Amino acid sequence: MRKKLLAGNWKMNLVPTEARALIAALRAEIDRDSATLAKDREVMVAPPAILIPSVAQALAGSSIFLGAQNMHFEDKGAFTGEVSPPMLKSYGVTHVILGHSERRHVFNESDELINKKVLAALKHRLVPILCVGETQEEHDGGRALEVVLRQLERGLEGVSSEAVAGVILAYEPVWAIGTGRTATPEQAESIHGALRGVILERYDRAHADQVRILYGGSVTADNVDSLISKPDIDGALVGGASLKADSFARIVKARTH
Ligand code: PEP
C-alpha cells in the first residue's frame, strides 16, 4: 500500500514567529492523532529556506517531515544565494520540492537543471518531489499529456531502478495553482495514470506500483477528499491552504477512500 503524503508548500510566506505559531497550532491539531494517521499517511511542510532552522526546532519530536522548496545540485561552491543538499540535510530536511511551476516559469528552470537536482537529491538521500504540469495555454491546446510526460521523462533521466521508488511525483497543472480552479478528480486521475504508465514502461510494474504521485493546484479542505480517494492520487501538494493550521489539519485528516 502506498501511504498518502499531505505536503504543504509555504512558498515565500511567514516570518519565524508566524512559522513557529503555525507549527505549534498544527501539532496541537495532528500530533494527538498521529498514531492513527501514521497507518496510511505522512505529512510534510516545506518552509522557505531561511525558516528551516526554526521550523526544524519547532518540529522536534513530531512525525511531520521537514521539506525544502528548492536546492542547488552542487554540494558547495561559488553559487551566491543558493542552498545545497548537505545544508538541508544538516537541519533534518528529508524531502525537497523540485521543478515547481514557479521555479520553471518564474525562474526559468529547465528540465535539464531540474534533472540534475533530482539526481543530487537521490545521491544525498533526500526524497525529491518532482513537479510536472501544463500551462493554461498547453491545457487549452490539448497538450497537457504531451507536456507532463516530457517533463517526467526528462526529469527522471539517469534515475536508476533502485532509486526510482524513492522519487515522489506531483502533478500540478499551472492553471490550477493559486487560482481556485482545481482539476477534477477524473482529470487528475487520468494524468496520474499516464504518469504511472511511464514508470511502468521505463522500469517495471513493481516500481510503478511504488511511486507516489501527488496532486497539487488549489487543494482545499473542501475538495481534498474527492481528489485523494482516487486510486492513483497518492496525496496532495498544498500551497495557500497549508498556511492556516485549521485548513491544513483538515487536509491532513482527509478521507482517503
Ligand atoms: C503549490 O504551490 O504547489 C500549490 C499547489 O499552490 P495552491 O495550493 O495555492 O494552488
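**Exercise 1.** State how much space lies in the second largest pocket of this predicted model, and which residues lie closest to its centre.

*Solution.* Start with the volume: the second largest pocket holds about 180 Å³ of space. Next, take the lining, which has 17 residues. Closest to the centre are Gly178, Ser218, Val219, Gly239 and Gly240. Then sort the lining by class: 10 residues are polar, 5 are nonpolar and 2 are charged.

**Exercise 2.** Determine which pocket the ligand sits in, and describe the shell of residues around the ligand.

*Solution.* The ligand is placed in the second largest pocket. A residue belongs to the shell if one of its heavy atoms lies within 4 Å of the ligand. There are 14 residues around the ligand, and Lys11, Glu172, Gly178, Ser218 and Gly239 come nearest. By class, the shell has 8 polar, 4 nonpolar and 2 charged residues.

**Exercise 3.** Find polar atoms of histidine 100, glycine 239 and glycine 240 that lie within 3.5 Å of a ligand oxygen, and state how much of the ligand the protein covers.

*Solution.* Take the side chain of histidine 100: one of its N or O atoms is 2.9 Å from an oxygen atom of the ligand. Turn to the backbone of glycine 239, where an N or O atom lies 2.8 Å from a ligand oxygen. For glycine 240, a polar backbone atom is 2.8 Å from an oxygen atom of the ligand. Finally, consider the cover: on its own the ligand has 290 Å² of accessible area, and the protein covers 95% of this.

**Exercise 4.** Describe the volume and the lining of the largest pocket.

*Solution.* The space in the largest pocket comes to about 530 Å³. Its lining consists of 22 residues. Pro48, Gln69, Asn70, Arg103 and Phe107 lie nearest the centre of the largest pocket. Sorted by class, this lining has 12 nonpolar, 6 polar and 4 charged residues. For comparison, the lining of the second largest pocket divides into 5 nonpolar, 10 polar and 2 charged residues.

How values were computed: Residues numbered from 1 in each chain as written. Predicted model: local features only at pLDDT ≥ 70, side-chain atom pairs only at ≥ 80, totals over all residues. Heavy atoms only, no water. Polar contact = N/O pair within 3.5 Å; in protein donor to acceptor, adjacent residues only side chain to side chain. Areas by Shrake-Rupley, 256 points an atom, 1.4 Å probe, with all protein chains shown as cover. 1 Å grid on protein atoms, 1.4 Å probe; cavity = no way out; pocket = protein on both sides within 12 Å on 5 of 7 lines; lining within 4 Å. Sits in = over half its atoms within 2 Å of the grid points. Nonpolar A, V, L, I, M, F, W, Y, C, P; charged D, E, K, R; others polar. Points joined across faces, edges and corners; volume = space filled by probe spheres on them.
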